[in-house]
Amino acid sequence: MLRGLRHCPREGSGTAEPLIRLEGVSFGFGRNAVLEEICLEVRRGDFMAILGPNGAGKTTLLKVVLGLLTPAAGQVSLFGVPAGRFRERYRIGYVPQKAGAFGAFPATVWEVAATGRFARVGFWGRLSKQDEAAVREALAVLGLEHLACRPVQALSGGQRQRVAIARALAAGPEVLLLDEAAEGLDAAGEEAFYGLLERLNRERDLTVVLVTHDIGAVSRRVKQVVCLNRRIIFTGPPQECLENGKLSALYGMPVYVPGRGTESRRRRIYSRER
Amino acid sequence: MEIWQYGFFLRAMAAGVLCGVTCPLVGVFLVARRFSFLADALAHISLTGVALGLILGVAPGVTTLAVVVAAAFAVEWLRQRQRFFADSLLAVAMAGGLALGVILVSKSRGFGADLTGYLFGSLLTVRPEDLYLIAGLAALTVAAVILLYKGLFAVAFDEEYARAAGLSVTVINAAFMVVAALTVAIAIRAVGVLLAGALVVIPVLVAAGVNRSFGGALWTAAATGAVLVLGGLHLSYLLDLPTGPTVVLLGIGVLIGVTLCRRIVLRYRGKVVEAQDFGG
């Protein structure tokens, strides 16, 4: 279970091992506060969506967890170790925003996916048979085996996105962080994408945390929702989030989620038709 | 060929092959990072190093290397902090380095005779000691690229991901800047300050046009570089042309040829996708 409580109590429901813990984390660019006193815990097996309007600090939150940004205040612990001393970063898989944009220089699907193993292998090491097997398995999970020798530039947007996820999975992570990774996918691709994440979470016990605007899609899939707008406004099951007006409070306007509970004026905040 | 009987030409060929192999090996990572202008900028800045060496009475090769390495670190430091747009930063560095170099050249004595060689290269005047230095620098560069290959590839394709995955991106970038500086120092000997960027980039564009994999592009670029320098060297002898510019023009000709052939082949297969096209 997850808690987003102001004073970060350690007690509460859920007995699974905490993999990521943020305690009173604040971050800002200059004088602009982006995150304020964030308390969040991600436990093994969680399937969590972080929702919020543009500029709410969702991507910043992920970057703080990943060590790409240093918080101005508070503490981040990864696998029980303070983030500054945590060396096994490959245990956290990352699929960045626009992950499918691999540039125009030629590289095969295999070459890109194999970069996921580099942090495990180190500077001087070579990819062993075990590493190659891990890359092969990641490609197989994503249905990309037959495209291994194809240049990534020749793939569709959805296929490139899967390559980015395969790269993250090749590292053998225990947590997968995805930053608006379904961006640019059509409805069918998006459905397949969320289905895949659900399967990875269920069958492989992979902890998944995804940042998204797609409230409708994730509310049917995830176990927890975190509503973020610089501060954490709500944490809990998606049904509760949809029913108690938290989304309207988060976006500052009435929100209607297609196919789910309605709120006041039934307006859509998400332009994509389903 | 008759010319192969002369020691100076054999030395030129050896130095040319070393330059031709080394420059594109580094150029591949520069082009993939969309930072290929760095080679040009560092080459222009190197003029300051050459002039400093002559003024201070120190071997110009030593001061050139020192100035180029320092400039490479400064550029990388500013790029990391995102103080400027990367391409604007390189344009300023190039203009500044060249301006300072020209002022220093005007204050130094006895540089006039060598200036053309520094600006356009002078493979045919390579001495045995120069060849040893070029061989040493080339060996260092190739070794660094092989040892750092995984990190360089990961950073070239997705620097943010590489950082998030725990790779030592700062160390990789610092090492790469040193390697890029060494490469530029080598390229200057072959094609000169004004054309060094071309030797770093053109073979890479040729290789990128005919390869599907990064590894393939890397070795094709190195082979292309060697062939271009050797071809340019012989052409310049046969047509009595300056070597550096001949190598560069030959490279551009090959690039145009490869790009046209690739377009024809792709169109024939019905696979021309403008948005994904590269180098043409």
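Me: Across the interface of chain B and chain A, how many residue pairs are in polar contact?
Reply: Happy to start there, with the reminder that this is a predicted model. Counting a pair requires both residues to be at pLDDT 80 or more. With that filter on the interface of chain B and chain A, the rule finds nine residue pairs.

Me: Which helix of chain B supplies the largest share of the side that touches chain A?
Reply: Several helices take part: α1 (7-32), α7 (149-157), α8 (159-164), α9 (169-191), α10 (196-210) and α11 (214-239) of chain B each supply at least two residues of that side. The largest share is five residues, and these come from α7(B).

Me: By class, how many nonpolar residues does the side of chain B that touches chain A have?
Reply: Let's sort that side by class. Charged residues number seven and polar ones six. The nonpolar count is 20.

Me: What is the area buried between chain B and chain A?
Reply: A good thing to ask, since the size of an interface is often given as the accessible area lost when the parts come together. Here 33 residues of chain B are in contact with 34 residues of chain A. Carbon and sulfur atoms give 67% of the buried area, and the total is about 2,800 Å².

Me: In chain B, which residues lose the most area to chain A?
Reply: Three residues stand out, together giving 26% of what the chain B side buries. One of them, Lys150(B), is also among the buried residues of α7(B). The full trio is Lys150(B), Tyr161(B) and Arg212(B).

Me: Why is α7(B) described as largely enclosed by the rest of the structure?
Reply: The buried residues of α7(B) include Lys150(B), Leu152(B), Phe153(B) and Phe157(B). Their cover includes α2 (109-121) of chain A, together with α1, α6 (128-147), α8, α9 and α11 of chain B. The helix is largely enclosed because the buried residues of α7(B) number eight of the nine.

Me: Which residue of chain B meets Lys63(A) in a salt bridge?
Reply: The rule finds two salt bridges across the interface of chain B and chain A. In the one with Lys63(A), the N to O distance is 3.0 Å, and the partner is Glu160(B).

Me: Asp179(A) has no salt bridge; how far away is the nearest side chain of opposite charge?
Reply: Asp179(A) sits in strand β7 (residues 175-179) of chain A and is buried. A salt bridge needs the nitrogen and the carboxyl oxygen within 4 Å. The nearest oppositely charged side chain belongs to Lys63(A), at 6.2 Å.

Me: Which side chain is joined to that of Asp179(A) by a polar contact of 3.0 Å?
Reply: We can begin with the surroundings of Asp179(A). Leaving aside neighbours within four places in sequence, Asp179(A) is in contact with residues including Leu62(A), Val95(A), Pro96(A), Gln97(A) and Val211(A). Another residue in contact with Asp179(A) is Thr59(A). The polar contact of 3.0 Å also goes to the side chain of Thr59(A).

Me: How many residues apart are Arg221(A) and Glu191(A)?
Reply: These two side chains meet in a salt bridge of 2.4 Å, N to O. Arg221(A) lies in the loop between α6 (215-219) and β9 (224-229) of chain A, whereas Glu191(A) lies in helix α5 (residues 187-203) of chain A. Arg221(A) counts as buried at 16% relative accessibility, while Glu191(A) is partly exposed at 37%. The pair links distant parts of the chain, and the separation is 30 residues.

Me: Which residues are linked with Arg21(A) in a network of salt bridges?
Reply: One link is the salt bridge between Arg21(A) and Glu23(A), at 3.6 Å, N to O. Arg21(A) is buried, with a relative accessible area of 8%, and Glu23(A) counts as partly exposed at 21%. The residues networked with Arg21(A) are Glu23(A), Glu41(A) and Arg43(A).

Me: Is Arg91(A) buried or exposed?
Reply: Arg91(A) forms a salt bridge with Glu88(A), their closest N and O atoms being 2.8 Å apart. Glu88(A) is partly exposed, with a relative accessible area of 33%. For Arg91(A) that area is 19%, and the cut-off for burial is under 20%. Arg91(A) is therefore buried.

Notes
Residues numbered from 1 in each chain as written. Chains lettered and ligands numbered in written order. Predicted model: local features only at pLDDT ≥ 70, side-chain atom pairs only at ≥ 80, totals over all residues. Heavy atoms only, no water. Helix = DSSP H or I, 4+ residues; strand = E, 2+ residues; numbered from the N terminus. Buried < 20%, exposed > 50% of the residue type's maximum accessible area, 1.4 Å probe, protein only. Lys, Arg positive; Asp, Glu negative; His and termini not counted. Polar contact = N/O pair within 3.5 Å; in protein donor to acceptor, adjacent residues only side chain to side chain. Contact = heavy atoms within 4.5 Å. Buried area = accessible area lost by both parts, 1.4 Å probe. Nonpolar A, V, L, I, M, F, W, Y, C, P; charged D, E, K, R; others polar.
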